[in-house]
Amino acid sequence: MERYICIHGHFYQPPRENPWLERIELQDSAFPYHDWNERITHECYAANGASRMLESDGRITQIVNNYARMSFNFGPTLLSWMETHAPSAYQSVLAADRESQHLFSGHGSALAQVYNHMIMPLANRRDKYTQVRWGIADFHHRFGRLPEGMWLAETAADLETLDILAELGITFTILSPYQAKRVRPVGEKDWVDATGGKIDPTMAYVQRLPSGRTIALFFYDGPISQGVAFEGLLRRGENLANRLVGAFSEERSWPQLVHIATDGETYGHHHRYGDMALAYALHYITSNNLARLTVYGEYLEQHPPQHEVEIIEHTSWSCPHGVERWRSNCGCHSGGHPEWDQQWRAPLRAALDWLRNTLTAPYEKEARRLLKDPWAARDAYLHVILNRSREQAEHFFHQHAARSLTEAEMSTALKLLELQRHAMLMYTSCGWFFDELSGIETVQVIQYAGRVIQLAQEALSTPSPRDSLEEGFVKRLAFAKSNLPEYRDGAHIYELFVKPAMVDLKKVLAHYAVSSFFESYPQAQDDDQPGMAIYCYTVECRDSRMIEAGKVKLTAGWARVSSNITWDAIELSYGVLHFGDHNLTGGVRQYREAEYQEMVREVTEAFWRADLPEVIRLLDKHFLELTYSLRTLFRDEQRKILRRILGASLESAEAAYRQVYENNAPLMRFLADLRIPLPQSFRTAADFVLNMDLRRAFEHEDIEVERIHTILEEVRRGHIELDTTELAHTLKETLEWMEQRMLHNPTDLPLLKRLVIVVELAQSLPFEVDFWDIQNVYYEMQQSVYPSFDERAHQGDETAQGWVHHFLLLGQKLGFRVAES
């Protein structure tokens, strides 16, 4: 009896980029990482590309790429982020698909996904086509081949969606066993009821479609998938392997496929070390010849469906009520607040539907002036999204423009297509999945709607007045009620979180002007010089003046500001007065040469007279209203500058705390010896000073080990609470920097010795330091650098012998199984 096992992981994060900046801004809740994408990448996506295989004593024997031996799909928007911000993890995903084709008869382990995780049964037909076409094009761009299978968001399916998949060349998808209605052997008449998860998941099925096409369907094993996701099956890899193998039955006569599907984040993010359990399970299955690992494409080619199936339409894997979780208060929620309701889901979807439908005809009318076929152009626009170069956009217009377009017309066309992109992004499923209207995922989809409204105002020649379009949308949002009194409803959330986030070219220049007090920018640039990149915008400074008197500074200038996405551009002037701390004020307006020169002359004269009220009055006169301040800065730069501004204040605070601590340290030790609690003021000073001293000590490669042990003894005796998260992260970054230096200069024996000492120190600390990245570099050196040193050592080279000794010692301390030195 042939026995096959396939494990599928659905790896996905909702797009988190600011819709106006095309970048994820700082998310404090992800600390010590910049944002949740970065954090989950470390815990899961990177981890599965370099997962540890351990012996029984816990030592690492091998680092393996799980993706090469499993089935997986990644959300296209997530892969786009990884390509830029996590390139090593991204490359491990692509490399795994190439490797898997050698393992699985030419079939890759990667599946495509509908582009931005839209719930397909709730989408209109046109959006369904674009979601599938964009998913296919994105997959082809990254993996260099066409996909065989495609993952549907939340496995939500209807016959129209399956028909579109088949029409566009997709041969299979994966569904929940509870989505099957009835089955029968191919060629037979009588159906057998399969509702309630009764379908046998160990074979492929064929679904006949309204068009006459067919598509293969796989229904994953529900109980085992549930066990992996929620019941602790990943505590031990051997348990997972045995549970999978236990699903085979001698009573079945066909080649059995035992397969499961869960969120990919199960393996490392939801369950720490879940990637290692997966790696061991795969190894255990193959090394003990318990079954043959496969992927869906290979199994389908070798064992075509012998049974047909009919699905229950408008169903999904995460809502027992079908697809109601994404449009009604069906009772599904994440469980954190069972007293809340989700009545807001229906009016949110209704508001977005109204916005999309209201703009469909105007988009079509305006786009037909510029593009041969507005909807074919939208389907092809993914190639511009993947490559934002001017050459790619011009190639796109060569194929799709109705005629030769001017620069302004190409900008308008790009705005129209961006409008359509955001009109799809606003249907990303996570906007409805969770419990509360004011949650970050729901605010994100409302922000996409805000971007749609802005683009409509800019791109449509006869739009509804923006106030009217926005008013109509917000009026409908008001019917979506928050569970939290302070957020009231969708209209209030729009005012709180969407309108302040909106960016135009004036705000980009305001960011540039305000940040110029704290950053070194070119004073002026010629036309042939590259501009200053600010997220997805470019600022080309044409003139800039900066004068100062003590702490007070004044800057004025003008620049050309352009969008790299829509090619929109404008020349603007600015003037900003900085009072020396967090207080500053300024304005931006359209550039006119004579008015600009007059403004510069007047405010400069007033500034040199030290007449600051007059400077403010003149800025107000020339810019009509002063609306820009530190609040204007985009979040990452704002945080960076505030840290600099806070620097002097924090230095004063540190000096005060340090004086209290150092003057009273002997008394504190005496009190600690007597087990008398420290007064709160003493404890606060000690907490601050000792944590600060440790962090600074960890930041330097030349770590003073004895000093650190002395500090830690003070911590122990005083029962001081350490900021373990920040301290561990700081030392981790220092270690990684040292290891990268070692990788690029492997002959540096003093550095290698230092690494051994610092790793040993890290292991002695009263908190855990993450060695994951440094272990990866060590393993790479073990494969590429170590063999030549080992060979030279065996030939009697004393320098090489010393290097090998310390390299193996480092491996032991990092938890590797290494040869005796």
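These exercises work through helix packing, sheet pairing and burial in a predicted model.

Residues are numbered from 1 along each chain as its sequence is written. Local features need pLDDT of at least 70, side-chain atom pairs count only at pLDDT 80 or more, totals for chains, interfaces and linings use all residues, and side-chain values use heavy atoms, without hydrogens or water.

**Exercise 1. Classify the packing of α22 against α24.**

Step 1. Locate the elements. Helix α22 covers residues 635-673 and helix α24 covers residues 705-718. Helices (H or I, at least four residues) and strands (E, at least two) are DSSP runs, numbered from the N terminus.

Step 2. Take the geometry. The two axes come within 9 Å and cross at roughly 50 degrees. Axes are lines fitted to C-alpha atoms, for helices over the stretch in contact; angles run from 0 to 180 degrees between N-to-C directions.

Step 3. Assign the class. The angle makes α22 oblique to α24. The cut-offs: under 35 degrees is roughly parallel, over 145 roughly antiparallel, 65 to 115 roughly perpendicular, and the rest oblique.

Step 4. Give the handedness. α22 passes α24 in a left-handed crossing (the near helix is turned anticlockwise from the far one by less than a right angle; clockwise is right-handed).

Step 5. List the contact (heavy atoms within 4.5 Å). α22 supplies Y661, R669, A672 and D673, while α24 supplies E714, R717 and G718. By class, this contact of α22 with α24 has 2 nonpolar, 1 polar and 4 charged residues. Here Ala, Val, Leu, Ile, Met, Phe, Trp, Tyr, Cys and Pro count as nonpolar, Asp, Glu, Lys and Arg as charged, and the others, Gly among them, as polar.

**Exercise 2. Do the same for α28 and α29.**

Step 1. Helix α28 (residues 786-794) packs on helix α29 (residues 798-813) at about 130 degrees, with the axes 8 Å apart.

Step 2. That angle makes α28 oblique to α29. The crossing of α28 past α29 is left-handed.

Step 3. From α28 come Y786, F789, D790, R792 and A793; they meet A800, Q801, W803, V804, F807 and L808 in α29. The contact of α28 with α29 divides into 8 nonpolar, 1 polar and 2 charged residues.

**Exercise 3. Find the strand order and the edges of the sheet holding β15 to β19.**

Step 1. The order is β15-β16-β17-β18-β19, an open sheet of 5 strands with antiparallel pairing. Two strands pair if DSSP finds at least two bridges between them.

Step 2. The edges are β15 (532-534) and β19 (584-590). Each has a single partner strand, so one side of each lacks a neighbour in the sheet. The twist averages 30 degrees from one strand to the next.

Step 3. Inspect one pair. Strands β17 (residues 552-563) and β18 (residues 569-578) run antiparallel and are joined by 10 bridges. T555 stands opposite V576 in β18.

Step 4. Add the helix. α21 (residues 612-623) lies across β17, β18 and β19, at about 165 degrees to β18.

**Exercise 4. Decide whether T130 and D723 are buried or partly exposed.**

Step 1. T130 sits in helix α4 (residues 125-143). Its relative accessible area is 1%, so T130 is buried (buried is under 20%, exposed over 50%, partly exposed in between; 1.4 Å probe, protein chains only).

Step 2. Beyond neighbours within four places in sequence, T130 contacts R378, D379 and M424.

Step 3. D723 lies in the loop between α24 and α25 (724-744). At 34% relative accessibility, D723 is partly exposed.
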